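Please find below a colleague's note on the structure, arranged as numbered points. Each point takes up one region or one kind of interaction.

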Amino acid sequence: MAELEAIDSRVKTYLMDIGYDKWSRAHSKANRTMTMTSNIAESVNVANKHARDLPVVNLLDFMTTLIQKWNYTNRKDAVESFMKIGAKCEKILADKTILSHTMTVLPSTEFLHLVIDGQTRNVVRLHEKNCTYGRFQLDDIPCPHAMTVIQKFHMDSYKCCSDYYNIDYLLKTYEIPVNPLPDETTWQIPEHVSSQVVLPPKGKIKPGRPKKKRGIGGWEGNIVTCALCGKKGHNRRTCRNIPKRD
């Protein structure tokens, strides 16, 4: 907030007025889950890097074939899986189970427990899928504190996960097939479409090799820290904060 206020004090005032639930995931009234909405876009962005220079028809054909292949592979993996939830969620549960081994449970009722994690104390309510740590209700998958309770009392961890992580829902994701594109000689193109002439876009082409990698925001990767002045955003080679010698 201090950084925002330094840029423009009106931004801080605006955010405070609309409420934390509008811009803070921890205070959101809607469950956003742990899946980023840009994940699929990032996957496609990497896969079609070499196809972007193709003509638009060839590019669309490449994208159709790519999505068709992904859809078949993911559906095949879900059909042949013997797990109750997806492989990614299964790994998350396994990792959180390992973290839970160092924690201690103090039960209060059948579904209400106090979990001690080093110097911190967290209250777990399994029947509400809730933990004061916050991750349980955000991800809809047991956090390490909830896994401590589940492991101690030999409960079924899968029942504490959201139904959307189940294999049945995973199969529903890929149940609609991607229709293959037939040979171009069989296409029936309307006259009003085939008669149109598509001209190249207007605009100046910038000199140099076109960039294929998108710009990475500061929130997505590690921010460079200068070894000379200690400030972030640049390195020692481009540092301008060191005073010049007389």
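Which residues of α4 are buried?

1. Helix α4. The model is a predicted one, and the points below should be read in that light. In α4, the buried residues are Met-63, Leu-66, Asn-71 and Ala-78. These buried residues pack against two other helices, α3 (39-47) and α8 (167-173).

2. Span of α4. The helix covers residues 56-80. Its 25 residues, at 1.5 Å a residue, should span 36 Å, and because the end C-alpha atoms are 36 Å apart, the expected and modelled values agree.

3. Nonpolar surface patch. Val-56, Val-57, Leu-60, Leu-181, Trp-187, Ile-189 and Val-193 make a nonpolar patch of about 650 Å² on the surface. The element that gives the most to this patch is helix α4, with three residues. One of the patch residues, Val-57, is placed in helix α4. Its relative accessibility is 49%, so Val-57 counts as partly exposed; the exposed class begins only over 50%. Helix α4 therefore supplies residues to the nonpolar patch, while Met-63, Leu-66, Asn-71 and Ala-78 of the helix are buried.

4. Nonpolar core. The largest nonpolar core contains 20 residues, and Val-124, Leu-126, Phe-136 and Ile-141 have the most contacts inside it. Two elements, α5 (87-100) and α7 (144-152), each give two or more residues to this core. The largest share, four residues, comes from α7.

5. Surroundings of Val-124. With neighbours within four places in sequence left aside, Val-124 is in contact with Phe-111, Leu-112, His-113 and Val-115, among others. The remaining contacts of Val-124 under that condition are Asn-130, Cys-131, His-145, Ala-146 and Val-149. Polar residues, including Asn-130 and His-145, thus appear in the list beside nonpolar ones such as Leu-112 and Val-149.

6. Salt bridges. How many salt bridges are there? The count comes to six. Side chains of opposite charge can pair when their charged atoms come close. Three of these pairs are described in the next points.

7. Asp-139 and Arg-135. The closest N and O atoms of this salt bridge are 2.7 Å apart. Both residues lie in helix α6 (residues 135-139), and because they are four residues apart, about one helical turn separates them. Asp-139 has 0% relative accessibility and so counts as buried, whereas Arg-135 is partly exposed, at 36%. A reviewer may wish to inspect this pair, in which a buried acidic residue meets a partly exposed basic one.

8. Glu-80 and Lys-76. This salt bridge has its closest N and O atoms 3.0 Å apart. The two residues belong to helix α4 and are four residues apart, about one turn of the helix. Glu-80 is partly exposed at 46% relative accessibility, and Lys-76 is partly exposed at 34%.

9. Glu-5 and Lys-12. Here the closest N and O atoms of the salt bridge are 3.5 Å apart. Glu-5 has a relative accessible area of 39% and is partly exposed. Lys-12, with a relative accessible area of 25%, is also partly exposed; the buried class ends at 20%.

10. Ser-162. Is Ser-162 buried or exposed? Its relative accessibility is 8%, so Ser-162 counts as buried. The residue is placed in the loop between α7 and α8. Not counting residues up to four places away in sequence, Ser-162 touches Lys-129 and Asp-140.

Technical notes. Residues numbered from 1 in each chain as written. Predicted model: local features only at pLDDT ≥ 70, side-chain atom pairs only at ≥ 80, totals over all residues. Heavy atoms only, no water. Core = buried A, V, L, I, M, F, W, Y, C linked by side-chain atoms within 4.5 Å. Buried < 20%, exposed > 50% of the residue type's maximum accessible area, 1.4 Å probe, protein only. Contact = heavy atoms within 4.5 Å. Patch = residues over 30% accessible without salt bridge, like charges linked within 9 Å, V, L, I, M, F, W, Y side chains within 5 Å. Areas by Shrake-Rupley, 256 points an atom, 1.4 Å probe, with all protein chains shown as cover. Salt bridge = Lys/Arg side-chain N within 4 Å of Asp/Glu carboxyl O. Expected span 1.5 Å × (residues − 1).
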